[in-house]
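Please read this briefing with the sequence and the structure side by side. It goes topic by topic.

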Amino acid sequence: MKESADAPDALTIGRRIRHVRQEAGRTLGDVAEAVGMSTSALSLIENGKREPRLSVVSALAGELNTPLPKLLSTAPPSRRAALEIRLERAQRLPSYESMGLPRVKVSPRLPTEALEALVGMHEAMASARADSAATPEHARRANAQLRERMRAADNYFGDIEEEAGELLKAIHHPGGPISRAAVDRIAGHLGYKLVHTSDLPGSTRTVTDLHNHRIYLPQPEAGQHDSRSLALHAVGHLILGHQPPPDYAEFLSQRVEINYFAAALLMPEGETVDFLRRAKAEKDIAIEDLRDAYAVSYETAAHRFTNLATRHLGLPVHFMRISQDGVVYKAYENDGVRFPTDPMGAIEGQRVCRSWTARRVFEQPDLSQAYQAYTDTRSGTYWCTAVIDRTKDGLFAVNVGVPYQHVKWMRGRETTERAVSRCPDPSCCNQPPSGLAERWSGQAWPSARVHSHLLAAMPPGVFPGVDDTEVYRFLERHATTASK
């Protein structure tokens, strides 16, 4: 049975089945026989070791004379069951297995006090691991590993495309840009209501109330991102069956997946691929056309292009988002371009060459226009198009590029702008010209602007940087309204 916003995980289903069976005074054997399955198979289901099909859960509900929604509720049936589920989940984590410790069998004979102690110790250990692991080095290593995963898949994730496609079918989306009303229908289809509010906790972008089935979003005038994307990010966690991330690497992975999910809804695969194939046939692919056709940001359009370009168009690509001083915030490539990296292979926080299109765009007199240029690098010649993104944190460049042999499909290929990059050779752009160096060496003492987010330890917690107290107080304030 596929997990969704309306389906709990196998552990919760199993505990609810066991709870209802025991309340009815039935044995494993007679219930299993009544529904046509073996006792061992039912035991595996009750212990959360086998995911039951919906037809099996429905048959069990009928035999136990209980409503099907009761067995499919996301809430554990009792406090004891909740503790058992938490312990089982903790013991199934790779981090626990790596310690080489035996697993404690969760059985009715295990005293509740011992169960509470074990759960508390597991969660304290997980918190300690998170605190020690969420360092800048850990974050950069996790970023590098995630980028390898994306490159191996050509940044295309078919399972997420499938989930998005099924959801669009469920709301009978006719095609074209997805409206805010359509996003409301998506949430409603999953049993959730979108609520805009002006008092979201400052450490959050959205808050999902899983109990009252509400997704809280910032007021549009609050200067936040497109509320469609924010709402779809929240829905993505539900549809993709995300659990609280046990480490920072999983947190990053989930962020990439919900971004992908939102883009797959805002720009559905089938029609977007048709759009791009028509543009390729006309040798006129342009990210800005994709942006305008689906009413999304340039960055979203650029990301979506990287999702589909290699799988459907046969185009290797690279993508960057950099600050005005050249520091990489996001990057992806499967076309052989060599991004600057640190010793751990991380790209984020490195500074790209001054000759690259992503930096040269800042030198253009009209920052509202896309800028195209060729760059000869040590790994080959690349054509790139870049656009300036104005944000409250300053100017950023969003850049998409392809190798020279694939430029014939792109709009702007006729540009005469060209540069040569010899980086990582220090004489390329990291050393000042000799004349300037002779005049000013030893005569300057700049105060550096430190990119503190790249140096500071990651905030501890399951959701890094989120203030749990703020979130719980927020939900408590809104609980009365939600219950009416």
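What follows is a short tour of selected residues, one helix and several ring contacts. The structure is a predicted model.

**Arg228 and its surroundings**

- Arg228 belongs to helix H12, which spans residues 227–239.
- Arg228 is buried because its relative accessible area is 9%, under the 20% cut-off.
- A polar atom of the Arg228 side chain lies 2.6 Å from the backbone oxygen of Ile178.
- Beyond its neighbours within four places in sequence, Arg228 is in contact with Ile178, Ser179, Arg180 and Val183.
- Its contacts also include Leu266, Tyr294, Ala295 and Val296.

**Helix H15**

- Helix H15 runs over residues 287–294, and its buried residues include Ile287, Glu288, Leu290 and Tyr294.
- These residues lie on the same side of H15, because they cover an arc of only 160 degrees around the axis.
- An α-helix has 3.6 residues a turn, so residues three or four places apart point the same way.
- The cover over the buried residues of H15 includes three helices given here with their ranges: H13 (248–266), H14 (269–281) and H16 (298–313).
- Helix H12 and strand S8 (394–403) are also among the elements that cover them.
- Ala295 follows H15 and has a positive phi, near 55 degrees.

**Aromatic pairs**

- How many aromatic pairs does the structure hold? There are six.
- One of them joins Phe339 and Trp356. This pair is tilted, with 6.2 Å centre to centre and 55 degrees between the planes.
- Phe339 and Trp356 are 17 residues apart, and each sits in the loop between strand S5 (328–333) and helix H17 (357–360).
- Phe339 is buried, with a relative accessible area of 9%. Trp356 also counts as buried, at 9% relative accessibility.
- Another pair is formed by Tyr374 and Tyr404. Their ring centres are 5.9 Å apart and their planes are at 55 degrees, so the pair is tilted.
- Tyr374 and Tyr404 are 30 residues apart and link distant parts of the chain.
- Tyr374 is in strand S6 (residues 371–377), while Tyr404 is in the loop between S8 and strand S9 (418–420).
- Is Tyr374 buried or exposed? Tyr374 counts as buried, at 6% relative accessibility.
- Tyr404 counts as partly exposed, at 46% relative accessibility.

**Charges over rings**

- The charged end of Lys280 sits over the ring of Trp409, 4.7 Å from the ring centre.
- The charged end of Arg321 sits over the ring of Phe396, 4.4 Å from the ring centre.

**Val387**

- Val387 is in strand S7, residues 380–391.
- Val387 counts as buried because its relative accessibility is 12%.
- Which residues does Val387 touch, not counting those up to four places away in sequence? They are Tyr298, Ala370, Phe396, Ala397 and Val398.
- Phe396 thus appears among the contacts of Val387, and its ring lies under the charged end of Arg321.
- The C-alpha atoms of Val387 and Arg321 are separated by 9.8 Å, and the two residues are 66 residues apart along the chain.

**Thr66**

- Thr66 is in the loop between helix H4 (54–63) and helix H5 (68–71).
- Thr66 is buried, with a relative accessible area of 11%.
- Leaving aside neighbours within four places in sequence, Thr66 is in contact with Val20, Ala61 and Leu71.

Technical notes
Residues are numbered from 1 along each chain as its sequence is written. This is a predicted model: local features need pLDDT of at least 70, side-chain atom pairs count only at pLDDT 80 or more; totals for chains, interfaces and linings use all residues. Side-chain values use heavy atoms; hydrogens and water are left out. Helices (H or I, at least four residues) and strands (E, at least two) are DSSP runs, numbered from the N terminus. Buried means under 20% relative accessible area, exposed over 50%, partly exposed in between (1.4 Å probe, protein chains only). A polar contact is a pair of N or O atoms within 3.5 Å; within protein, one must be able to donate a hydrogen and the other to accept it, and residues adjacent in sequence count only if both atoms are side-chain atoms. Contact means heavy atoms within 4.5 Å. The arc is that of the directions from the helix axis to the C-beta atoms. Rings of Phe, Tyr and Trp (its six-membered ring) pair if their centres lie within 6.5 Å; planes under 30 degrees apart count as stacked, over 60 as edge-to-face and the rest as tilted. A charge sits over a ring if NZ of Lys or CZ of Arg is within 6 Å of the ring centre and within 35 degrees of the ring normal.
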